Amino acid sequence: MTTKKIVFSGIQPTGDFHIGNYIGAIKRWVAEQDLYDNIFCVVDLHAITLYQDPKILRAKIRQAAGVLLACGIDPQKSLLFVQSHVPAHAELAWILNCVTPVGWLERMTQYKDKSAKLESVSTGLLDYPVLMASDILLYQTDYVPVGEDQKQHIELTRDVAQRFNALYGETFAIPEGTIPKIGARIMGFDDPTVKMSKSLAAEQKHHAVGLLDSPDQVWAVLKRATTDSGKEITFSEDSKKAGVKNLLTVYQALTGQTQAEIENHFEGKLYGALKREVADVIIEALKPLQARYNELMQDTSALDAILQRAAEQAAARAAPTLRKAKEKVGFVV
Ligand code: AQP
């Protein structure tokens, strides 16, 4: 029996992973792999809460798993599997639905933002956070490393777990969300007032850098990055300087330097130099992972085998908690 704390986190295969996903989540998953008992999931059930072209989704699920392995997720140290391969996620979600008031879900910021843009809203989109609670609670998770955008969903997970435990008796561990100190919310390069996101990246050419982008593509985005009419390169909280701060934050997350070191380094330099240096740091960070990705994807049978083995192990680990939840609510098990 392991004594390490349990970590669970997921990522949607809804598009191309961007540098915000990397800095806010994946980079930390990789760096902290030795510290924890890790469970990472490509959350395809979540992906279909918004319509996905089936052919593209299938390809993106493999791509997502390939990118995570290429980023350094080690199947010897971490379980990496596809959510729909483990039916317990959907099964527990149903039970949790029945203890979750609709009002809690209607208050979620992500739901309000996403549903506001739609003519017809699926029940799945509203229910997204309950499925996320199921993902996390099934494994008696201690920590959930996520970007800041997921903070509210983690709070809801805790509320759902506490409500279930109060109604039926101790069943689920109460998880804690862990948000990175640097880069918890990387903003769009074209608009530093909005969070960098996969869906905006698909619509707006200069919004994000994808993890599989070529050096030319990276530079094409960075050279158009929004800055301001001033010239100071500092981590200023002034909202007018949000673009510069965002560039510096990416630089800081990827180099590990302190704010003071970075401000010294850029003193007297122009915005053009800042953009070039940020682009170069990103290109260097992406090089090794792209090489590993290209190698891995030459023969996807090895990747499929990793995913299948991990799904079997995840199903075995999820089973006792699902059984306990079923017993508690009064099912004949
Ligand atoms: N801009 C960001 N900065 C820091 N962290 C981020 N994450 C997402 N965007 C940023 C973190 O990445 C992990 C996986 O994200 P996800 O795919 O599950 O969630 P998402 O928020 O739906 O991703 P996107 O890119 O924003 O997609 P769309 O456009 O579909 O909304 C999570 O830990 C998330 O916090």
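Is Ile-179 buried, partly exposed or exposed? Hold that thought for a moment. One caution before we start: this is a predicted model.

Now Ile-179. Its relative accessibility is 28%. Buried would need under 20%, and exposed would need over 50%. So Ile-179 counts as partly exposed.

Where does Ile-179 sit? It lies in the loop between strand S5, residues 176-178, and helix H9. Look at its contacts, leaving aside residues up to four places away in sequence. Ile-179 touches Arg-28, Val-146, Gly-147, Glu-148, Lys-151 and Ala-184. For a sense of scale, take Ser-214, which is 35 residues from Ile-179 along the chain. The C-alpha atoms of those two residues are separated by 29 Å.

Next, the ligand. There are 22 residues around it. Which of them come nearest? Asp-149, Ile-186, Lys-195, Lys-198 and Ser-199 do.

Three lysines deserve a look on your screen. Start with Lys-198: a polar atom of its side chain lies 2.3 Å from an oxygen atom of the ligand. Then Lys-195, where an N or O atom of the side chain is 2.4 Å from a ligand oxygen. For Lys-114, the corresponding distance from a side-chain N or O atom to a ligand oxygen is 3.1 Å.

How much of the ligand does the protein cover? On its own, the ligand has 640 Å² of accessible area, and the protein covers 96% of that.

Which elements build the shell? Three of them give two or more residues: strand S1 (6-11), helix H1 (19-31) and helix H9 (198-203). The largest share comes from H1, with four residues. By type, the shell divides into six nonpolar, eleven polar and five charged residues.

Last stop: strand S3, residues 78-82. Why is S3 described as largely enclosed by the rest of the structure? Because five of its five residues are buried. Check both faces. On one side you have Ser-78, Leu-80 and Val-82. On the other you have Leu-79 and Phe-81. Both faces are covered.

S3 also has a partner. Strand S2, residues 37-42, runs parallel to S3, and five bridges join the two. To find one of these pairings in the viewer, go to Val-42; its bridge partner in S3 is Val-82. That same Val-82 is among the buried residues of S3.

To recap. Ile-179 is partly exposed. The protein covers 96% of the ligand's accessible area. Strand S3 is largely enclosed.

Key: Residues numbered from 1 in each chain as written. Predicted model: local features only at pLDDT ≥ 70, side-chain atom pairs only at ≥ 80, totals over all residues. Heavy atoms only, no water. Near = heavy atom within 4 Å. Polar contact = N/O pair within 3.5 Å; in protein donor to acceptor, adjacent residues only side chain to side chain. Areas by Shrake-Rupley, 256 points an atom, 1.4 Å probe, with all protein chains shown as cover. Nonpolar A, V, L, I, M, F, W, Y, C, P; charged D, E, K, R; others polar. Buried < 20%, exposed > 50% of the residue type's maximum accessible area, 1.4 Å probe, protein only. Pairing = 2+ DSSP bridges. Contact = heavy atoms within 4.5 Å.
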